[in-house]
Every structure is written in C-alpha cells, then in structure tokens.
Amino acid sequence: MPVLKVGSRPSKLARTQVQEVLCLLGQPIDYELKIFKTRGDIDKATPLTAQPADDFFTDALDAALLKNEIDIAVHSVKDVPKILPPGLDIFALTAPLDDTDAWVGPLSWSDLPAGAKVGTSSLLRQTQVKALRDDLQIVDIRGTIEERLKLVDKKQVDGIIVASCALKRLGMADAIRDVLPWEGTPLQGQLAVVGRTKDFEIKEIFKKIDVRRTYGRVTLVGAGPGDPELITLKAVNALGKADCVFYDYLVDAHLLSYAPRAEHVYAGKRKGEHSLAQEELSRMLKNKAMEGREVVRLKGGDPLIFGRGADEIEYLTSYHIEVDIVPGLSSATGIPSYLGVPLTARGRSSSVAFISAHQEDEKNESLPLLIPTADSLVFLMGLTKLAAIVAALKAKGLSDATPVLIVSRGTRLDEQIVHGDLNTIEFLCHEADLKPPALIIVGKTTQFYRRHRQKTYLHCGTHPQLYHHLGRVIAWPMIDIKPIELKADDRQKLARDFDAADLVVLTSPAGVRHFMPVILKLKSLLPANKIFAVIGRQTARELEIFGGHAHIISYEETAQGLFDTLSAIMPLRGKKILLPRSALPNPFLRKNLEHQGALVTEWAVYDNIKPPRRNLPDAGVDGVIFTSPSTVKNFLQDYHRVPAPWTILAKGPVTQAALKEAGYDSKIIYA
Ligand code: SAH
C-alpha cells in the first residue's frame, strides 16, 4: 500500500480528528498529512446562521480528492454536504464521541441573568436557546474553538455554546461548565472519512471503523387504503422480515399478523390525537435502525402521499440511515376505483388533482384554500374543512350542480358514502354523521357511482379471493398456519419415506407450502417420476410454484373427492402413499386408503392455530363463510355464536356437518 495522502483543514481540532480516525484503525498506517483551507476557513465574516453553501467547510478538500492530490479527507460529519460531488463517497462514519452541546462561561447556565450574552454560531442552537430562555441575548460568533473561547476570556460574551466533543478532542474537557438540556445537531461528535468512489481498496480499509455496518434500515411501507387485501406482496414480504413495525391509525390491525416476530408500536396520528409527535416518531425510527433493527414504518395508502413520508426520509438520511420505500395503493386513487368511479374518463375528465385540505401552517388557519384547475378534484384530510372547500370551489366558479361524493372509511367494513352536489353536500354529510378518514371527490365522473349495496361476507379461511363473485368479501381469517419444525433425524426419515413413496398426496395449499421446502432442502432435484395427487386447483397451482406437477387433481375439494378420484383411476393395493398433512388428524383419507390395501405414511408438517381475537364489526355484514371445521371451532371460541341475521355459508359437507353439530344450518358454497 503506497503512502496514504490525508487531507485536513488547518485547525488544531481538524488535525486531531485525523489522528483520531487513524488511531481507530488499530494498525499503524503510512500517511502524509496535507492541509487545505476551505472557503469557511478563509471567509470568517459570513455568519453560519446565514446558511452558506453546503460545502462551505469541504470545498477545497473535495476538489483535492477529485484532482488526486489526496486519497481521503476527514471531516466532522455535520460539515459534509448532503449531496457529495459525483465521484466522492463517505467511506466511514465513526461512532459518536459525545453528541451533547456544552456551555462554557464563568457562570453556570442556570445562573445566567436576563440579557446575558450567549455566543453561538449555529441556527439550530439559537432556536434551542430561544425556546428555553427568550430573555437571553444571542451573539452570532465564528472561528476556531480557540478563537471562540477567547471571546469569553475577553468578556465580549458571557459564555459560548460549543460541541462537547470538540472540547474533549482538544483536551479541554475541563472548560465544559454545563451540558445543555437538548439534543445536539444530528451526528454531532461523529467523524466522516470521504474518498473517491472508485478507490475500493481504500474504502475497504475504513470499512471496519464505519458504524453504518451495524445499522439496520427503515422501510416506509404503504398499507393500502383500508381493506387488508389491498396491500402489496412486497409490503407483506417487508413485514415478514421486520424486527419492529410502527403503524398508524389508518392501518388495519390485521396486517400486523404479517409481522409475527416484530415489535408493534402504535404511532397514532388521528386528527387531534396526540400520540407520538412526528419528531419523536422520527427519532424512534432512527434509534431502532441504529440499534441494527429492520424497521418498517407502515403507513396508510401510499407512504409518500400526504403522509409526512418526505419528513421521515429527510430526517433519517440526515443520520445516514438507509431508507427503502415500498409504494402502496393510495386512498386517493384506490377508493374511487374500488367504487367504480373513474377519476379520468375519455371526453369527461382528462386531469386529476389531489389536494390537502390542510394547506396552511398551524398559525395561519385563515388562508383561503388554493384550488388547482383539473376535471376531477380529490381532497384528503377534508372532512372538518368541508365548508371551506365548498366555499372555495364556488368562489372558483364551479356551479352549484357540480357532483360531489364523500367516502368515509373507504374500502373498510364500516364504509359510508354520501353523494350530492355542491349545494347539498354539507347538509347530507352532516345528516349522515360521517367519520374521518374521508375522501372528498368532486367532478362529473362521480356520477359513475351507483348506490347498489353488495352483500358483504366475512371469510374465515385463508383464500378469500376465491369468493369475490359473492360480493364484498372481507378477509377475516380464523385459522393461521404455523410450520412444524422437524428434527434433523426426522427430516432424514421423511426424505426416505418420500423416496420410497409411489404417490405423494397433498390436501391443501398450506400442506404444499410447508412440505415442499423441506423436501427441496433435502433433495436438490425432484425425481421426475414422483406422482403427486392433490385436492383442488389451488393446491395444484401452489405445487407448480415449487417446481412439482400435480398428476392427479380432485376438483371436488374434499377428502372424499380425492379418494373417489384416486380409487377410480388406479389400483391402490400395495401402493406406498406419503401423506403430509396438518397436525389436526383427519383420519378419513388414511382409513379409506388403507382399506383399499394402500400403505400410508402420514407426516404432520404444519399446525393450525387461532389468530388473535379481533372485535366483530357491529354493522354492515350480511354473512360469513366457513372453510373448515377448525374455522367454525375458532369462530365460536372467540365470539360464542354467529350473529342471528347472518347467512352462513360452508365450503363443503365436512364444514357443514361441523356447523350442524354446533346448531347452525348452512348452505354449501363453491369457490
Ligand atoms: N398516505 C395516505 C394519505 C394520508 S393523509 C394515502 O395515500 O392514502 C390521510 C387522509 O387520507 C385522510 O384524511 C383521508 O382523506 C384519506 N384516507 C385515507 N384512508 C382513507 C379511507 N379508508 N377512507 C377515506 N379516506 C381515507
């Protein structure tokens, strides 16, 4: 390794920081120190509170790196520009030495009289001082630490606020009179090593002192508008990997079951509800990520549509925490589509605007709403501002007859809809006593909305999408599936049974999902001659995903159906049959196959468990679909009875029998 050329600013503090970084490496390194003055070192007149350019304290060093005059530069992280010049990269971020602010002066901070002069060079610190003591006088100061301390000695100020770490680095920790009671500038006390992106070898040297190695990540995930089925697969995968999920009030609690191993934190955000303030929340996200956790911030709709997502990204990236985004279906487009209301339609609407009804800052409540020009207008956060919205639309010249649709709790079970025009909508909305969250849609195409009430069913199984032809089908799972971990010995034994079997019988998609990965781990290739028999198309499809092929499918989705199919197409005598199944024994298949002379080996590969109890909706439900005897059992365990007016549907005769036994008549329904 040739001599490493290290760039630094001239101050004593800057040079000490170079020493600190090289020391952290823990091995002697051949280096040459090169000093450069940045604009910030030359121009001592411009106050930092005037917010000079981002590279005020790095420009000369950035240039030197790009001209190959140095190999790395060492900075205080807070001086590094948010966006480095192309070709440069942060190689390492050191652990913080001390992130507090210190008060240096003859009197202690709490003894300062009104009017005392407090010297500081940072805008953030000025705000913090004002928030605590607006009777103090703030003096804008500049210069090296030594120069700033001289101002105190010469009594030009009563004291100064500086970073504690700077004093410690210069061996002047004694000067710290008090530690100030607020959070220091982000990343205060941390050092950054900046180098050329292409210098992989040098980057590698500094990797071991880079604290970001141990950081987790924050993923902002969109949960969709309400109906838990309107979440994306990518979001479900992100939840599955999360260590910690922060969710807000727009999010259906059922979605949290996709994050079984995560800590769940309610982040609130209902209007007027003071759960976690945004700043507090951002800080918690940061802290969890810094502890190395995979953090998911689960937000209603799309995370970057009116959801303070931008604030979170800015805050987290200012701490160099990686932020990923999983887009979601926004309520702004998802709810109209769900209702069959096109926001665009040829000849009728060729533009859409999404508008926040909270445009003003908190202090300026009275500003009139700005209404952009578009054929369809969608207002979010507008329910309490309806009067102002109507007035603003009329003032813009929209006619009284302009149609308006308000959707409260769209796509959810308790969805409520009011349809009127600019003249009637306020009255109708008041009558209906709509609750937030609500979407206000204005424009001609809302006339596509037809008030036909579909029947709404709760679906207690795992594949509600198969029943959508019935009406609105709401996923209300009463069973959840948990894999059974096999011991190493058992896995070997299962592999031998698999090899020996003439026929493998899989009775459900869950069976496939929990059996195939075990087999595929034991054998890299599925033997082509292995015959699979399955119940139902869905199970066959699932098998294909794992590279298997179902030779025999029973289209009647019952154990009886499969048995009839099998016995019709092959002699079963002497056949070795492997039957992976749930831990709940269902002796029917085994008994009947054995009766025909087959040799059956059963393996329990997954267990059915009951998900946590949720409250049943008190209105809006017409019926319930049970898909197995365990869904019936678990439902009755949680709710004791099926509400009287509901229609009860059963997936097959076995489920119907279980309902009968519990005292309920039901109709059989086919997917
Ligand atoms: N990021 C979210 C919006 C957050 S702002 C998204 O993309 O959907 C919150 C506003 O969204 C609410 O005030 C309301 O106007 C709208 N909203 C969210 N979910 C809704 C729902 N289920 N029904 C009606 N409006 C909803």
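This tour moves through the structure stop by stop, stating what to select and what is found there.

**The whole chain**

Display the full model, which is predicted. Its secondary structure amounts to 20 helices and 31 strands. The radius of gyration is 33 Å, well over the 26 Å that the globule rule gives for 671 residues, so the protein is more spread out than a compact globule. Along the principal axes, the C-alpha trace spans about 100 × 75 × 50 Å.

Colouring by accessibility adds a second view: 49% of the 671 residues are buried. The exposed area comes to about 32,800 Å², of which carbon and sulfur atoms supply 53%. Among contacts with a separation of 6 or more, 67% join residues 24 or more positions apart.

**Strand β5 and its partners**

Select residues 101-104, which form strand β5. How are the two faces of β5 covered? D101 and W103 lie on one side and A102 and V104 on the other, and all of them are buried. This arrangement follows a general pattern: in a regular strand the side chains alternate between the two faces of the sheet.

Add residues 159-163, strand β8, which runs antiparallel to β5 and is joined to it by four bridges. Within this pairing, A102 has V162 as its bridge partner. Next add β9, also antiparallel to β5 and connected through two bridges; here W103 stands opposite D178.

Keep W103 selected and show W109 and W182 as well: ring pairs link these three residues into a cluster.

Then move to Q188, in the loop between β9 (178-179) and β10 (191-196). Is Q188 buried or exposed? With a relative accessible area of 1%, Q188 is buried. Leaving aside residues up to four places away in sequence, Q188 touches K78, P96, D98, D99, T100, D101, R125, A163 and C165.

**The five-stranded parallel sheet**

Select the strands β13, β12, β14, β11 and β15, which in that order make up an open sheet with parallel pairing. β13 (263-268) and β15 (323-326) stand at the edges with a single partner strand each, so one side of each lacks a neighbour in the sheet. From one strand to the next, the twist averages 20°.

Focus on the edge at β13. Strand β12 (residues 244-248) pairs with β13 in the parallel sense over five bridges, and the bridge partner of D248 in β13 is G268.

At the other edge, select I321, in the loop between α10 (309-318) and β15. I321 is buried, with a relative accessible area of 2%. Its contacts, not counting residues up to four places away in sequence, are Y215, V218, K286, A289, M290 and L316. Show R212 too: I321 and R212 are 109 residues apart in sequence, yet their C-alpha atoms are 7.6 Å apart in space.

**The six-stranded mixed sheet**

Select β23, β28, β27, β24, β25 and β26, listed here in their order across an open sheet with mixed pairing. The edge strands are β23 (480-483) and β26 (550-554), each of which pairs on one side only. Neighbouring strands are turned by 25° against each other on average, direction ignored.

At the β26 edge, strand β25 (residues 531-535) and β26 pair in the parallel sense over four bridges. V534 stands opposite I553 in this pairing.

Which strands does helix α17 (residues 559-569) touch? Helix α17 packs on the sheet against β24, β25 and β26, and its direction makes about 125° with that of β26. Add helix α16 (residues 537-545), which lies across β24 (503-506), β25 and β26 and runs at about 140° to β25.

**Aromatic pairs around F635**

The model contains eight aromatic pairs. For one of them, select F626 and F635: the pair is edge-to-face, with 5.3 Å centre to centre and 90° between the planes. Both residues are buried, F635 with a relative accessible area of 0%.

Add Y639, whose ring forms an edge-to-face pair with F635 at 4.8 Å centre to centre and 65° between the planes. F635 and Y639 are four residues apart in helix α19 (residues 629-639), so about one helical turn separates them. Y639 also counts as buried, at 8% relative accessibility.

How values were computed: Residues numbered from 1 in each chain as written. Predicted model: local features only at pLDDT ≥ 70, side-chain atom pairs only at ≥ 80, totals over all residues. Heavy atoms only, no water. Pairing = 2+ DSSP bridges. Axes fitted to C-alpha atoms, helices over the stretch in contact; angles between N-to-C directions. Rg over C-alpha atoms; globule rule 2.2 N^0.38 Å. Buried < 20%, exposed > 50% of the residue type's maximum accessible area, 1.4 Å probe, protein only. Contact = heavy atoms within 4.5 Å. Areas by Shrake-Rupley, 256 points an atom, 1.4 Å probe, with all protein chains shown as cover. Phe/Tyr/Trp six-rings, centres within 6.5 Å; stacked < 30°, edge-to-face > 60°.
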